[in-house]
Amino acid sequence: MPLSQNFINNVRIPENNDWVIFILIGCIFLYVFMMNIIERDASLKDFLLQKYFDASNNLPSWIITSCVTALTLSVLLSQYIPIVPKYIADLQLMGYQLNKFGYTLLAVIFFYVSKSALGFLFYQSIGDGKKWSIFYFTSTKFYFILSFLLIILCVTHYYFPVDRNKIFLYYFSFFAFVAVFKIFFYLFHKNNILPEKWYYKFLYICTLQIAPLLLLWKLLFF
């Protein structure tokens, strides 16, 4: 009988990233629907430059843009989540449990819903409730552009040969820049979307911009 031999399998099983492309196609479909139906065939330039009093259907556009941003951000960040917390992994629905993407998406949705609800309550509590609709109208433009950058990053991350450990530092720098830029965008935008009094502006930035980001970081990476 021939002696047993050790064989090395050099066949590499490629990572299946079909779920990524399905999500990205779904996001693009949502934007096509938004631009053609909700925004009534508006061009990209008209959508980004339209004025608040000339716009319509602002709430549906804001919701769709937020959904696309949450999905693309979750797709990108889910690869860096160390583990799914045990108390989350133990929760099962019809025999299924959340994977890293599901947990990241759940955390990001919680982050956006909580921040939006607190933002609404903040504007109502200071007697400036009318400015809330102008705020989310303006933020829609910001997140619309950000979501396209996230789509590009997702395609690069999953379908190009990049070192995911090294590129994480670039992602961190990118999101830090976006967070700082967003604060200045809100502060100096011509629509004056933040409260007029400086201490309300300071309160909003600390409690509804910086604090939620720290909470999201803790949920995902600790």
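## Helix 6, a nonpolar surface patch and two positive phi values

Helix 6, which covers residues 130-159, has 30 residues and reaches 44 Å from its first C-alpha to its last, close to the 44 Å expected at 1.5 Å a residue. These values, like those that follow, come from a predicted model. Of the 30 residues of helix 6, 21 are buried, so this helix is largely enclosed by the rest of the structure.

A nonpolar patch on the surface is formed by Ile21, Phe22, Ile25, Tyr159 and Phe160, which together have about 520 Å² of accessible area. Helix 1 (residues 18-38) supplies the largest share of this patch, namely 3 residues. Phe160, another member of the patch, is placed in the loop between helix 6 and helix 7, the latter covering 164-188.

The backbone also deserves a look. Most residues other than glycine have a negative phi. Asp41, however, has a positive phi near 60 degrees, and Asn192 likewise has a positive value, near 50 degrees. The table sets out these two residues with their loops and relative accessibility.

| Residue | Phi | Loop | Relative accessibility |
|---|---|---|---|
| Asp41 | near 60 degrees | between helix 1 and helix 2 (44-49) | 61% |
| Asn192 | near 50 degrees | between helix 7 and helix 8 (198-221) | 49% |

Because exposed means over 50% relative accessible area, Asp41 counts as exposed at 61%, whereas Asn192, at 49%, is partly exposed.

Key:
Residues numbered from 1 in each chain as written. Predicted model: local features only at pLDDT ≥ 70, side-chain atom pairs only at ≥ 80, totals over all residues. Heavy atoms only, no water. Helix = DSSP H or I, 4+ residues; strand = E, 2+ residues; numbered from the N terminus. Expected span 1.5 Å × (residues − 1). Buried < 20%, exposed > 50% of the residue type's maximum accessible area, 1.4 Å probe, protein only. Patch = residues over 30% accessible without salt bridge, like charges linked within 9 Å, V, L, I, M, F, W, Y side chains within 5 Å. Areas by Shrake-Rupley, 256 points an atom, 1.4 Å probe, with all protein chains shown as cover. Salt bridge = Lys/Arg side-chain N within 4 Å of Asp/Glu carboxyl O.
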